[in-house]
Structures are given as C-alpha cells and as structure tokens.
Amino acid sequence: MESIIKRCEVKDKPNDKNIKNWFVIARKLYNEYTGAYNKGEYERAYIFLRRFVTIVVEIIPKNRQFLKQDKEFKDLQMV
C-alpha cells in the first residue's frame, strides 16, 4: 500500500508549471484513469485519479496565475 501512495504523489509545486500546463496534465491523467478503469486495471486507475484530484483540488488553486485570475474575477463581481 505504501508504494501505491508514493506513486500517487505529485512532487511539482503549484508555480513550477504554467496553469495551462496543469490543465493539460490533469486532462491526460483523467483520460488515463478512464482507460485503466475500463480495462479493469484498478490500481493504475486509482493512481491516475488520485494524481488528477491532487492537481485539481490542491495545485491549480495555489498557482499564481489562478490566484491572479481569481482576484480579477472578484473585482468584476464588485462592479
């Protein structure tokens, strides 16, 4: 189980990549997840899905481009 958890880790920091790259990576991971799941490769599917969720929930919201965009969106709401 410990080796699966290590394989799920995303070691890059939020600002190591452009936000568009993070979205591309997340999409690829999701596609890999669905492919592995449909083939019955549940361990691989779990790893891909866990990485996908980590990127979408933890990494993208901390990316400086996302934070800047979020501020701009909030500014628009105030108008």
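**Aromatic rings and a buried asparagine**

Modeller: In this predicted model, Y33 and Y37 sit 4 residues apart, about one turn of the helix, and both belong to helix α2 (residues 19–38).

Colleague: Why is the pair of Y33 and Y37 called tilted?

Modeller: Good place to start! Ring centres within 6.5 Å make a pair, and tilted is the word for planes neither under 30 degrees nor over 60 degrees apart. The centres here are 6.0 Å apart and the planes stand at 40 degrees, so Y33 and Y37 form a tilted pair.

Colleague: And what makes Y37 and Y42 an edge-to-face pair?

Modeller: Their centres are 5.3 Å apart, with 70 degrees between the planes. Edge-to-face needs an angle over 60 degrees, so this pair earns the name.

Colleague: Which residues do ring pairs link into a cluster?

Modeller: The cluster holds Y30, Y33, Y37, Y42 and F52.

Colleague: How do you know whether Y33 and Y37 are buried or exposed?

Modeller: We compare relative accessibility with the cut-offs: buried is under 20%, exposed is over 50%. Y33 has 17%, so Y33 counts as buried. Y37 has 43%, which lies in between, so Y37 counts as partly exposed.

Colleague: What about N63, in the loop between α3 (42–59) and α4 (64–78): why is N63 called buried?

Modeller: Its relative accessibility is 1%, and the limit is under 20%, so N63 is buried. Leaving aside neighbours within four places in sequence, N63 is in contact with P14, N15, K17, N18, I19 and W22.

Colleague: Where does the charged end of K17 sit?

Modeller: That end lies over the ring of W22, 5.7 Å from the ring's centre.

Conventions. Residues are numbered from 1 along each chain as its sequence is written. This is a predicted model: local features need pLDDT of at least 70, side-chain atom pairs count only at pLDDT 80 or more; totals for chains, interfaces and linings use all residues. Side-chain values use heavy atoms; hydrogens and water are left out. Helices (H or I, at least four residues) and strands (E, at least two) are DSSP runs, numbered from the N terminus. Buried means under 20% relative accessible area, exposed over 50%, partly exposed in between (1.4 Å probe, protein chains only). A charge sits over a ring if NZ of Lys or CZ of Arg is within 6 Å of the ring centre and within 35 degrees of the ring normal. Contact means heavy atoms within 4.5 Å.
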